[in-house]
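Me: I would like to take a close look at a single part of this protein, and I would be glad of a careful, connected explanation.

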Amino acid sequence: TTMSVITAGLVPALIFYVTIDRDLGAEVVGFVLSAFAIGSLAGSVLAARLALKSTGPVMLGGAVVVGATIYLTVGAPEPVLIAMALGAGAVNANILVAYISLRTMLSPDALLGRVGATARTLSVGLMPVGSLVVGIALDAVGGDTTLAAMGALLVAAGAGFALLPAVRRARLA
């Protein structure tokens, strides 16, 4: 939920940053978003080997890596921006597979649907709050500062949740 809220406005912030702050063309936005999608596909293939074995570290480290990647996009040259989007997509897919697998495993069978629905309601239901904050931030401070703040918040969230031993040690098997 924390990651969903923080990254809710990522696409508009990225589009604003690339087209307004950096004055790059729409084709760069297309390349960056396409790279993220390709990375997500590749990451989902790798998730069976990585995310399912060390769930906690994948979720925590993944949040830090995605956050650092978003933070470092500010000022990055176009090829680096595209490469970072590819990597962030791959890592994000692993985070999602790890999280959903862990949530499913920890839920009693009789409550599986309710737990899943509640988790989705919280994460998706709170995303408009994140989008609102991003919209206000884009208007107030611009895309570069907004992206940097998003990245820093993700790193802080990953580091903060790493303080919980149960999350650090989370495994599926």
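Which helices each supply at least two residues of the lining of the largest pocket?

Reply: The model is a predicted one, and a word about the whole protein helps to place the pocket. There are 9 helices and 0 strands in the protein, and the C-alpha trace spans about 50 × 30 × 30 Å along its principal axes. The radius of gyration is 16 Å, which agrees with the value near 16 Å that a compact globule of 173 residues would have.

Turning to the pocket itself, the largest one holds about 1200 Å³ of space, and of the 46 residues that line it, Met-3, Ser-4, Asn-92, Ile-95 and Leu-96 are the closest to its centre. The helices that each supply at least two residues of this lining are α1 (2-6), α2 (10-21), α3 (26-47), α4 (55-73), α5 (78-106), α6 (112-125), α8 (143-161) and α9 (165-168). The largest share, 12 residues, comes from α5. By kind, the lining residues divide into 34 nonpolar, 10 polar and 2 charged.

Two of the helices that contribute to the lining, α2 and α8, can also be followed as a pair, since their axes come within 8 Å and cross at roughly 145 degrees, in a crossing that is left-handed. On the α2 side the contact is made by Leu-10, Ala-13, Leu-14, Phe-16, Tyr-17 and Asp-21, while α8 brings Gly-143, Asp-144, Thr-146, Leu-147 and Met-150. The residues of this contact divide into 7 nonpolar, 2 polar and 2 charged.

Terms used. Residues numbered from 1 in each chain as written. Predicted model: local features only at pLDDT ≥ 70, side-chain atom pairs only at ≥ 80, totals over all residues. Heavy atoms only, no water. 1 Å grid on protein atoms, 1.4 Å probe; cavity = no way out; pocket = protein on both sides within 12 Å on 5 of 7 lines; lining within 4 Å. Points joined across faces, edges and corners; volume = space filled by probe spheres on them. Helix = DSSP H or I, 4+ residues; strand = E, 2+ residues; numbered from the N terminus. Nonpolar A, V, L, I, M, F, W, Y, C, P; charged D, E, K, R; others polar. Axes fitted to C-alpha atoms, helices over the stretch in contact; angles between N-to-C directions. Left-handed = near helix turned anticlockwise from the far one by under 90°. Contact = heavy atoms within 4.5 Å. Rg over C-alpha atoms; globule rule 2.2 N^0.38 Å.
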